[in-house]
There are 2 protein chains.
Amino acid sequence: MHRSIEPTIGKADQQQQRTIGFFGLGSMGLPMAFHLASSGCVVRGFDINEIARSRFTEAGGESCVTAVEAASGATVIVLMVVNIKQAYEVLFDAAALSSSVEDCIVILMSTCPPGDVEALAKSVHATGRRFLDAPVSGGVAGALKASLSIMVAGEKQAFDQCHEFFNVLGSKVYYLGEQPGNASVAKAVNQLLCGVHLAAAAEALSLAERAGLDTETVLEIVSGSAAASWMLTDRGKRMLDTDPEVTSAVDIFVKDLGIVLSAGSSAKAALPLASIAHQFFLATSGQGAGAADDSQVIRAYRRMSSGNREE
Amino acid sequence: MHRSIEPTIGKADQQQQRTIGFFGLGSMGLPMAFHLASSGCVVRGFDINEIARSRFTEAGGESCVTAVEAASGATVIVLMVVNIKQAYEVLFDAAALSSSVEDCIVILMSTCPPGDVEALAKSVHATGRRFLDAPVSGGVAGALKASLSIMVAGEKQAFDQCHEFFNVLGSKVYYLGEQPGNASVAKAVNQLLCGVHLAAAAEALSLAERAGLDTETVLEIVSGSAAASWMLTDRGKRMLDTDPEVTSAVDIFVKDLGIVLSAGSSAKAALPLASIAHQFFLATSGQGAGAADDSQVIRAYRRMSSGNREE
């Protein structure tokens, strides 16, 4: 199969050539689908949740009630679903893939275990379609502002054809080679650092608490020194609040650090710090605080050394 | 004993009133002693190493060949020695303390275990002298530029009398209360984060290596996202070099994370991430790389999962 590389002729012209089936209209998927529609693509959105579909319709998008309808004639299928299982369900069980055009490009943008992504790519390739492994970082804020960082791995020609597509959604696009799964490893590396930095902040501040220091002063000290991290700056203050606003939940890191450990397992790379950090998010979730702000991982540290047996 | 608080009447005037015995003229102590001398204090420097003493003399400082000579008539004794053992040796075995004036303020600026600092403070107090626990962060660069962050704990009146002294050496001064040891806990909290962030960077980049990714690209991704840390930015590039310039040695973190764990032990606070990070610095030192740049902690990760039994 030969496809010439589309010439770069301005965003609107390029995007008009695409018909996109967009799956997963959650807090990140919704603004992403909206940005693509605004750029001139035909975007048909689908979500198993009716409320999510209504939101997309209200924003001026075209929602579909079946996966087949959303994927019908699609040249690109975007998956911003919860996990790899949902990706299989959409593509195969709900027949989205067989409804798309023969050389459709499937772009998986969810955070998934690299080994699973590699397997999914094989299944997609077996149908003659193409596949890009393209997880993002930047969260809901990045999705809303179209300033995501996008990591991409897969067939170079397919990547080249999607340059404008990625530029609509993100401000930085990194290509990590032909092997699907490589971009998911890069995302795992990213989440390893985020998760360990967050748990390290909890470990550090809980030491300060336990030693009876003024934690506000300690936070100020470490935020302005070689001890600083993006996570410490962003979450440090909320970590010292009892019940802060939720910007990202504890259970997201239970999931993401699970994916990090799976990535390590596939690469046969031992990841002791990530493994310990994972246990603390898990313990916090076990306290019933899985939906709390992820800064509350400090609760597992506090409880661990608590003298109160009744707690 | 009553001492009125000295009025703030300009740096030079204040500092002229002080006679400082400065102990430990190493890579940090030397520039610190020099800044104090330049500010108008009488500074008598001592180091067990003759070369260090010569350097101070060459820079225009007054070096002494005995601790007694350096401390004679001192209103302030500064300790920038290697460890708590040297602090005891200088003050008691070498009789620096008994040579100082009766209400001399001893300022311990080395990084030491908080429990040991508390004990030393008691011994100093027993002689009628005063004590400030005052570790610094900012490294050699901060010492040279007089831009250290200084954490101080101890008697408030003594702290107030040393405002100008600390301002000569640092750009930020934090007071952590009357209890000697508290400032050393704050320094331990700082080093916990530095050490864990450095080991986390090694864990993350070694995963990327093992999975066969382009590590330069991965480093660029994580340096510009929520995964960023001061350590990653500063050490990341050197971590990917085989034999980089040494800015701070592996063995410094073997020592500092040891102090962190001691701080946790005193506070009965479990520190699993710091403990794991410590083991990786120790393993790197065990490979004979204790004097290598601390970014080389990645070698322990590489070796750990290496398939080469001959190595």
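## Two helices, α12 and α13, in chain A

At roughly what angle do the axes of helix α12 and helix α13 of chain A cross? This is a predicted model, and in it the crossing comes out at roughly 170 degrees, with the axes coming within 10 Å. Helix α12 of chain A covers residues 215-223, and helix α13 of chain A covers residues 230-239. Since angles over 145 degrees count as roughly antiparallel, that is what α12(A) is to α13(A). As for handedness, α12(A) passes α13(A) in a left-handed crossing.

Who does the touching? On the α12(A) side you'll find A:Leu219, A:Val222 and A:Ser223. Facing them from α13(A) are A:Leu232, A:Thr233 and A:Gly236. Sort these contact residues by class and you get three nonpolar, three polar and no charged.

## α11 against α14 in chain A

Next up are α11(A) and α14(A), whose axes sit 9 Å apart and make an angle of about 125 degrees. That angle makes α11(A) oblique to α14(A). The crossing of this pair is left-handed.

From α11(A), the contact uses A:Val185, A:Ala188, A:Gln191, A:Leu192, A:Gly195 and A:Leu198. From α14(A) come A:Phe253, A:Asp256, A:Leu257, A:Ile259, A:Val260 and A:Ala263. The class count for the contact of α11(A) with α14(A) is nine nonpolar, two polar and one charged.

## α11 against α12 in chain B

Over in chain B, have a look at helix α11 (residues 182-210) and helix α12 (residues 215-223). Their axes are 10 Å apart, and the packing angle is about 140 degrees. So α11(B) is oblique to α12(B). Here α11(B) passes α12(B) in a right-handed crossing.

α11(B) brings B:Ala204, B:Leu205, B:Ala208 and B:Glu209 to the contact. α12(B) answers with B:Thr215, B:Val218, B:Leu219 and B:Val222. By class, the contact of α11(B) with α12(B) has six nonpolar residues, one polar and one charged.

## How the two chains relate

What does it take to lay chain A on chain B? A turn of 180 degrees with a shift of 0.0 Å along the axis does the job, and the RMSD is 0.0 Å. The two copies are therefore related as by a two-fold rotation axis. If you want to find that axis by eye, go to A:Ser229: of the residues of chain A, its C-alpha comes closest to the axis, at 1.9 Å. Both copies use the same surface, too, with 100% of the contact residues of chain A recurring in chain B.

## What makes up the interface

How many residues of chain A are in contact with chain B? The count is 53, and they meet 53 residues of chain B. On the chain A side, two strands each supply at least two residues: β8 (148-154) and β9 (170-175). So do the helices α11 (182-210), α12, α13, α14 (250-267) and α15 (272-289) of chain A.

The largest share of the chain A side comes from α11(A), with 18 residues. By class, the side of chain A that touches chain B has 36 nonpolar, twelve polar and five charged residues.

## A buried alanine: A:Ala33

A:Ala33 sits in helix α2 (residues 29-38) of chain A. Buried or exposed: which label does A:Ala33 get? It counts as buried, because it has 30 C-beta neighbours inside 10 Å, and the cut-off for buried is 20 or more.

Leaving out residues up to four places away in sequence, A:Ala33 touches A:Phe22, A:Leu25, A:Val43, A:Gly45, A:Phe56 and A:Gly61. A:Met80 is 47 residues from A:Ala33 along the chain, yet their C-alpha atoms are separated by 9.6 Å.

## A positive phi at Ala95

Most residues other than glycine have a negative phi. A:Ala95 goes the other way: it isn't a glycine, but its phi is positive, at about 65 degrees. You'll find A:Ala95 in the loop between α5 (84-93) and α6 (96-99) of chain A. With 14 C-beta neighbours inside 10 Å, A:Ala95 counts as partly exposed.

Chain B has its own case in B:Ala95, again not a glycine and with a positive phi of about 65 degrees. B:Ala95 lies in the loop between α5 (84-93) and α6 (96-99) of chain B. B:Ala95 is partly exposed, with 14 other C-beta atoms within 10 Å.

Definitions and conventions
Residues numbered from 1 in each chain as written. Chains lettered and ligands numbered in written order. Predicted model: local features only at pLDDT ≥ 70, side-chain atom pairs only at ≥ 80, totals over all residues. Axes fitted to C-alpha atoms, helices over the stretch in contact; angles between N-to-C directions. Helix = DSSP H or I, 4+ residues; strand = E, 2+ residues; numbered from the N terminus. Parallel < 35°, antiparallel > 145°, perpendicular 65-115°, else oblique. Left-handed = near helix turned anticlockwise from the far one by under 90°. Contact = placed C-beta atoms within 7 Å. Nonpolar A, V, L, I, M, F, W, Y, C, P; charged D, E, K, R; others polar. Least-squares fit on C-alpha atoms with pLDDT ≥ 70 in both. Buried ≥ 20, exposed ≤ 12 C-beta atoms within 10 Å, placed from the backbone.
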